[in-house]
Amino acid sequence: MAKISNKKTQSTIFLIFGGTGDLTKRKIMPALYNLFLDNWLPENFAIIGSSSSEMSDDKYRNELLTAVNQFSRKGKTKKEDWAKFSSHISFQSADITDSSAFDCFGSQIEKIKKEWNETPSIIYYCAVAPQFFSIIAENIAKAKLENDLKTTRIIIEKPFGSDLESAKELNKKLLCIFDETQIYRIDHYLGKEVVQNIMALRFANAIMEPLWNRNHVEHIQISVTEQIGVGNRGKYFESAGVLRDMIQNHLLQLVCIIAMEPPINLDADEVRDRKVDVLKAMRRIAPGKIDAMSARGQYSSGWIEGKEVVGYRKEKNIAPESNTDTYAALKLHVDNWRWQGVPFYLRTGKRLSKTASSIIIQFKEVPHNIFAPEESGPPQKNRLVINIQPDMAIKFQLQSKVAGLEMNLNTVDIVFDYFGNKKSESPEAYETLLLDAITGDQTLFMRADQVEAAWELIMPILNYWEKNKAQDFPNYAADSWGPENAEALIAKDGYHWFNLPEKNKND
Ligand code: BG6
């Protein structure tokens, strides 16, 4: 197996702001625990969880134990493993808006450094609401907490800004205190196993590159469909909508990986430069064209797996006349030599029929059909299906002869299935990302210009949707595939959405 790099970890102090929050419990702590179990964490590591609550270290550890038992992909913890891991955890109550409260972190860091007798990496993790990102950075500076160019890092969760202006403002504030090489902006989609494998698929296989362009690709579909509704995140979602929540970050990053030019190596900035090139090459949609190039939707009530679910407007903390989008679809173009004329269709939404994320590359039909009698038309087009989740598989759909005495064709799949039924063996995105932050690898993190370029692209749509309220909301039922206007968006080009899983299907 070709190993590209060895991940080298050094002693690390992890200081988590938002230490009692949902993200820490569901994602960060299970990820750190699994890294510990798989021997990725250094011998010397300390996790300091912080929030405004008051509690003892033991109480904090117990809360985390309950969470890890519930959310870890490896299931329930073993007593002795947890005892070892949790001995590295402590809790510090602090008001993050008060810089004087940060002194306590300084003394804790000093104490640990003395104990270890070495200079560790310090990772400040902002697992808090976005309005606190810059306050935390400012208070780190005011309290003169450790900030060394080489060993101090700050992890910023999403959402990074709520529009272009606020993203620029946040970048400006962070960059007054930290260098870009210290800032790790998370987009957890980049840490997903199959998403990372797209780099290998494209750039470690000589057969891909000649096909990966306008000469052979007809169109590309990127779908992230979810069965869940907004749940208890109504307050946040109402001010965001799915265009901000999913497309500005996750889906555009998937477009970048599919459309980027080959980097000359895997250096973080080289890879991120190539991704930014894609965002820059994306055609800006003029306000007059937005209706023709996009579709939006909001779910009404329905039945999901035998349970009745309410419509978006009846969810908690949602306005009864809300105009927020819970579904969005876009048609995009990448204006460069490779992709000229190849449409990229993106769609995502909540309360849809299935939870599935996939990228589908639809190739062009054969130039001349020697097989079919006239009535059955040309053979089906080849398709590369990249299933990110819940299936983690890459399939090439090809045409093949049906065994028998006649020359009949059908579609067959050449499949690479990652783990079959053993999905829990795949590291979670947060494990990958946290390990990268510990080792100082920024490749899978968003750079300032990447975030801003993505905002720049969707701002005209956000502004247009804001000004021109949808008249037909709610316009799709829970457990459907979204609004009719999304079908029309792609149907007018002669295509249709591939609703996964589509198995060996001639359509
Ligand atoms: C988050 C969004 O970034 O991604 C959520 O805020 C969404 O609304 C989630 O549900 C989807 O992530 P995943 O990994 O479950 O596909």
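In strand β16, T411 is the bridge partner of Q399, and this pair belongs to a stretch where β15 and β16 (residues 409-417) run antiparallel to each other over 9 bridges. The model described here is a predicted one. Besides these strands, the points below take up an open sheet of 6 strands with parallel pairing, an open sheet of 3 strands with mixed pairing, the packing of helix α1 on helix α2, the surroundings of helix α11, and the residue R447, which sits in the loop between α11 and α12.

**The strands β14, β15 and β16**

- Strand β15 (residues 393-401) also pairs with strand β14 (residues 383-389), again in the antiparallel sense, and here the pairing extends over 5 bridges.
- The link from β14 to β15 is a hairpin that passes through 3 residues, and within the pairing of these strands L384 stands opposite F396 of β15.
- As a general point, the side chains of a regular strand alternate between the two faces of the sheet.

**The sheet of 6 strands**

- This sheet is open, its pairing is parallel, and its strands follow the order β3-β2-β1-β4-β5-β6.
- Because β3 (89-93) and β6 each have a single partner strand, they stand at the edges, and one side of each is left without a neighbour in the sheet.
- On average, neighbouring strands of this sheet are turned by 20° against each other, with direction ignored.
- Within the sheet, β1 and β4 run parallel and are joined by 6 bridges, and I16 has Y125 of β4 standing opposite.

**The sheet of 3 strands and E308**

- The other sheet is likewise described as open, with mixed pairing and the strand order β10-β9-β17.
- Its edge strands are β10 (307-309) and β17 (476-478), each of which pairs on one side only.
- Neighbouring strands in this sheet are turned by 20° against each other on average, direction ignored.
- Strand β9 (residues 299-304) pairs with β10 in the antiparallel sense over 3 bridges, and G302 stands opposite V309 of β10.
- E308 has its place in strand β10, and it counts as exposed because its relative accessibility is 60%.
- When neighbours within four places in sequence are left aside, E308 is in contact with G302 and W303.
- Between the C-alpha atoms of E308 and A137, which are 171 residues apart along the chain, there is a separation of 44 Å.

**Helix α1 against helix α2**

- Helix α1 (residues 22-37) packs with helix α2 (residues 57-71) at an angle of about 85°, and the two axes lie 9 Å apart; α1 and α2 are therefore roughly perpendicular to each other.
- On the α1 side the residues that meet α2 are T24, K25, R26, M29, P30 and Y33, while α2 contributes Y60, E63, L64, A67, V68 and F71.
- Sorted by class, this contact of α1 with α2 has 8 nonpolar, 1 polar and 3 charged residues.
- T24, a residue of helix α1, counts as buried because its relative accessibility is 0%.
- Apart from neighbours within four places in sequence, T24 is in contact with I16, G18, G19, M29, P30, Y60 and A127.

**Helix α11 and its cover**

- Of the 11 residues of α11, 10 are buried, so this helix is largely enclosed by the rest of the structure.
- The buried residues of α11 are A429, Y430, E431, T432, L433, L434, L435, D436, A437 and I438.
- The elements that cover these buried residues include β1 (12-17), α1, β4 (121-126), β5 (152-156), β6 (183-185) and α7 (193-203).
- After α11 comes G440, a residue whose phi is positive, near 80°.

**R447 in the loop after α11**

- R447 is found in the loop between α11 (429-439) and α12 (448-467), and it counts as buried because its relative accessible area, 10%, is under 20%.
- The side chain of R447 makes a polar contact of 2.9 Å with the side chain of D269, and another polar contact, of 2.8 Å, joins it to the side chain of D273.
- Leaving aside neighbours within four places in sequence, the residues in contact with R447 are E180, R185, D269, R272, D273 and V276.

How values were computed. Residues are numbered from 1 along each chain as its sequence is written. This is a predicted model: local features need pLDDT of at least 70, side-chain atom pairs count only at pLDDT 80 or more; totals for chains, interfaces and linings use all residues. Side-chain values use heavy atoms; hydrogens and water are left out. Helices (H or I, at least four residues) and strands (E, at least two) are DSSP runs, numbered from the N terminus. Buried means under 20% relative accessible area, exposed over 50%, partly exposed in between (1.4 Å probe, protein chains only). A polar contact is a pair of N or O atoms within 3.5 Å; within protein, one must be able to donate a hydrogen and the other to accept it, and residues adjacent in sequence count only if both atoms are side-chain atoms. Contact means heavy atoms within 4.5 Å. Axes are lines fitted to C-alpha atoms, for helices over the stretch in contact, and angles run from 0 to 180 degrees between N-to-C directions. Angles under 35 degrees count as roughly parallel, over 145 as roughly antiparallel, 65 to 115 as roughly perpendicular and the rest as oblique. Ala, Val, Leu, Ile, Met, Phe, Trp, Tyr, Cys and Pro count as nonpolar, Asp, Glu, Lys and Arg as charged, and the others, Gly among them, as polar. Two strands pair if DSSP finds at least two bridges between them.
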